[in-house]
Amino acid sequence: MIFYFSGTGNSLYVAEKLHEAEGEELINIADALNENQFKYKVADDEKVGIVFPVYYYGLPTIVSKFISQLTLENYEKPFVYTVITCGSSIGHADKMLANLLKQRNLQLNSTYSIEMPDNYVMMFDVPDKEKQALTLRNAEKQIKTVIDDLKANKKGDFAKHGFIAPLTPIIYKIYGIYRNTKKFYITDACTSCGLCEEICPSKVIQLASGKPEWTDKKCSHCTACINRCPTKALQYGNSTKKRGRYVNPNVDY
């Protein structure tokens with residue numbers, strides 16, 4: 001069983017590769033959360049994977065909300081691992097996850113990080129195409145290592161945490177403050193296609209008179225709406241107008 005959360009496809013791609021190798025069921029965390037589906041039956045010897053992107057060196061709110069209510073029904077504690085996608089390091093996101101799992105009577109057995117192209121365009125520009133391609137090629141090697149380790153039931157911490165990891169509690173507080181929706185807006189390029197409403201995992205976008213409006217003060221800041229807008233009509237303040245957009249080229253949305 002592989003639980004995953006993904007806004008722009010990086011974590012989805014990793015989850016799909018693990019699914020191909022392990023043959024385990026894929027479960028979209030955002031869908032499960034919105035459908036209040038938190039109870040799952042785990043077969044004997046079945047591994048449980050949790051795949052998601054790191055946000056401010058911590059957990060996306062959608063992931064933390066889901067894990068805090070997760071119940072796995074099984075005879076013995078399953079082998080639980082996580083694969084966290086990141087730009088360079090994951091901080092203490094794994095420790096945050098481990099603490100939540102512990103509250104659910106589960107143990108995190110293995111931790112991995114996969115470096116992927118950065119796409120938090122509200123804060124910085126995306127890498128150029130050449131750098132994206134290089135990062136994605138290197139990611140393939142990292143994913144293969146994870147697959148080989150899982151087949152051997154290897155336990156341990158194999159992630160890159162970064163020198164800034166000890167500051168995770170402070171940095172993560174910024175995520176709680178910064179993930180507001182008031183700076184999102186649309187330009188005249190909007191075609192009222194409704195994609196942003198459809199794909200928003202936080203379900204805070206609704207089309208009013210054919211144009212998207214944000215119905216809550218905060219969201220997960222997954223960047224799905226802004227990166228996947230087909231006409232680049234969706235913007236965030238003045239910071240994203242001249243920046244590129246990114247969607248993992250290896251996933252089919």
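## Cavities, pockets and one helix

The count comes to 2 cavities of 30 Å³ or more. This is a predicted model.

**The cavities.** The largest cavity holds about 130 Å³ of space. It is lined by 19 residues, and those closest to its centre are Cys-190, Cys-193, Cys-196, Cys-229 and Pro-230. Two elements, α7 (195-199) and α8 (224-228), each give two or more residues to this lining. The largest share comes from α7, with 3 residues.

The second largest cavity holds about 90 Å³. Its lining has 14 residues. Nearest its centre lie Cys-200, Cys-219, Cys-222, Thr-223 and Cys-225.

**The pockets.** The largest pocket has a volume of about 570 Å³. Its lining counts 28 residues, with Val-54, Tyr-55, Asp-118, Tyr-120 and Phe-124 nearest the centre. Here α1 (10-22), β6 (79-86) and α6 each give two or more residues.

The second largest pocket holds about 310 Å³. Of its 17 lining residues, Ser-6, Asn-28, Ala-30, Asp-31 and Ile-199 lie nearest its centre. At least two lining residues come from each of α2 (29-34), α7 and α8. The most come from α2, which gives 3 residues.

The table sorts each lining by residue class.

| Space | Nonpolar | Polar | Charged |
|---|---|---|---|
| Largest cavity | 13 residues | 5 residues | 1 residue |
| Second largest cavity | 10 residues | 4 residues | no residues |
| Largest pocket | 14 residues | 13 residues | 1 residue |
| Second largest pocket | 9 residues | 4 residues | 4 residues |

**Helix α6.** This helix spans residues 168-178. It also gives two or more residues to the lining of the largest pocket. Which of its residues are buried? They are Thr-168, Ile-171, Tyr-172 and Tyr-175. These residues sit on the same side of α6, because they cover an arc of only 100° around the axis.

What does this buried side pack against? The buried residues of α6 pack against α3 (61-67) and α4 (93-103). The face turned away from the buried side carries exposed residues: Pro-169, Ile-170, Lys-173 and Ile-177.

**Back to the shared elements.** Helix α7 turns up in two linings. It gives the largest share of the lining of the largest cavity, and it supplies at least two residues to the second largest pocket. Helix α8 gives two or more residues to the largest cavity and at least two to the second largest pocket.

Conventions: Residues are numbered from 1 along each chain as its sequence is written. This is a predicted model: local features need pLDDT of at least 70, side-chain atom pairs count only at pLDDT 80 or more; totals for chains, interfaces and linings use all residues. Side-chain values use heavy atoms; hydrogens and water are left out. Buried means under 20% relative accessible area, exposed over 50%, partly exposed in between (1.4 Å probe, protein chains only). Helices (H or I, at least four residues) and strands (E, at least two) are DSSP runs, numbered from the N terminus. The arc is that of the directions from the helix axis to the C-beta atoms. Contact means heavy atoms within 4.5 Å. On a 1 Å grid over the protein atoms alone, a cavity is a set of points where a 1.4 Å probe fits but cannot get out, and a pocket is an open set with protein on both sides within 12 Å along at least five of seven lines; lining residues have an atom within 4 Å of a point. Grid points are joined across faces, edges and corners, and a volume is the space filled by probe spheres set on the points. Ala, Val, Leu, Ile, Met, Phe, Trp, Tyr, Cys and Pro count as nonpolar, Asp, Glu, Lys and Arg as charged, and the others, Gly among them, as polar.
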